[in-house]
Amino acid sequence: MAVAAVIGLFAGWLLRPAMVRLTGTAPFVTRVQALAPGLRGRGPGLCRPGTRGRRSGCGTSGCPTTAPSTAPVLARACAPVGALAAGGYAGYAVTRLGDASELADQRLLRCAVAAIGGLLMMLASLALERACRVPGEDNGA
């Protein structure tokens with residue numbers, strides 16, 4: 001997760017200068033973009049509470065064959081994406097520090113909200129992944 005966050009941070013930091021050089025303007029961060037990572041993080045977060053109970057009963061014939069595999073796959077996919085989004089928005093926010101333009105404060109705030117949302121998405125995905133562990137399963141590797 002740390003590698004994804006650092007890659008996102010570096011990419012977000014490079015985005016503004018690259019876009020200013022190519023198009024003449026910095027990218028605009030909308031409210032929807034700022035709220036999207038947090039809203040996407042609700043999916044894994046909402047799946048987590050009932051997952052452990054369903055996973056413990058999957059040895060019976062009443063459990064669908066795809067149930068044990070979909071939640072961990074969702075968690076494995078969303079965690080690095082959340083870290084990448086958090087790092088990317090944080091990197092873009094860093095480029096806004098000390099900027100005197102009229103929209104700099106608004107963009108900085110929206111980037112901070114999006115970075116927190118990406119962090120929440122990553123944490124919810126890691127919690128879902130932890131809830132999907134089968135008792136006695138060795139996950140140390």
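Okay, let's start with Arg107. Setting aside residues up to four places away in sequence, Arg107 touches Ala26, Pro27, Phe28, Tyr92 and Arg96. This arginine belongs to helix H5, which covers residues 104–131. Buried or exposed, then, for Arg107? Buried: its relative accessibility is 11%, and the cut-off for that label is under 20%, so the arginine qualifies.

Before I go on, a reminder that what you have on screen is a predicted model. Average pLDDT for the chain is 76, and 71% of the residues score at least 70. Which element has the highest mean pLDDT, and which the lowest? Helix H1, residues 2–23, is at the top with 89, while helix H3, residues 42–56, has the lowest mean, 54. Then there's the stretch over residues 55–65, where pLDDT is below 50. That stretch does have eight contacts in the model beyond near neighbours in sequence. Still, where pLDDT is low, the predicted coordinates should not be read in detail. I'll leave that stretch there.

Now the overall layout. The chain has five helices and zero strands, so if you read along the sequence you get α-α-α-α-α. Of its 141 residues, 30% count as buried. The accessible surface comes to about 8700 Å², and carbon and sulfur atoms account for 67% of that. As for contacts, take the ones between residues at least 6 apart in sequence: 84% of them join residues at least 24 apart.

Let's go inside. Which residues make up the largest nonpolar core? There are five: Ala26, Val29, Tyr92, Ala93 and Cys111. In general, nonpolar side chains tend to be buried together in soluble globular proteins. You've met two of these names already, since Ala26 and Tyr92 are both among the residues Arg107 touches. Cys111 is a nice one to click on. Cys111 is buried, because its relative accessibility is 0%. Beyond residues up to four places away in sequence, Cys111 touches Val29, Tyr89, Tyr92 and Ala93.

While we're on cysteines, Cys78 is buried too, at a relative accessible area of 14%. How many disulfides are there? The count comes to zero.

Next, helix H4, residues 67–96, and in particular Thr95, which lies in that helix. Thr95 counts as buried because its relative accessibility is 14%. A polar atom of the Thr95 side chain lies 2.5 Å from the backbone oxygen of Tyr92, and Tyr92 is the tyrosine in the core list. So where do the contacts of Thr95 go, once neighbours within four places in sequence are left aside? To Gly12, Trp13 and Arg16.

Staying in helix H4, have a look at Arg76. Unlike Arg107, which is buried at 11%, Arg76 is exposed, with a relative accessible area of 59%. From C-alpha to C-alpha, Arg76 and Glu129 are 7.0 Å apart in space, though 53 residues apart in sequence.

One last pair. Leu123 lies in helix H5, and the C-alpha atoms of Leu123 and Gly82 are separated by 8.2 Å, with their positions 41 residues apart along the chain. Is that leucine buried, exposed or partly exposed? Partly exposed, because its relative accessible area is 45%.

To wrap up, keep two pictures in mind. One is the five-residue core, with Cys111 in it. The other is Arg107, buried in helix H5 and touching Tyr92 and Arg96, among others. Happy to rotate the model if anyone wants a second look.

Methods. Residues numbered from 1 in each chain as written. Predicted model: local features only at pLDDT ≥ 70, side-chain atom pairs only at ≥ 80, totals over all residues. Heavy atoms only, no water. Helix = DSSP H or I, 4+ residues; strand = E, 2+ residues; numbered from the N terminus. Buried < 20%, exposed > 50% of the residue type's maximum accessible area, 1.4 Å probe, protein only. Polar contact = N/O pair within 3.5 Å; in protein donor to acceptor, adjacent residues only side chain to side chain. Contact = heavy atoms within 4.5 Å. Disulfide = S-S within 2.5 Å. Core = buried A, V, L, I, M, F, W, Y, C linked by side-chain atoms within 4.5 Å. Areas by Shrake-Rupley, 256 points an atom, 1.4 Å probe, with all protein chains shown as cover. pLDDT = per-residue confidence, 0-100.
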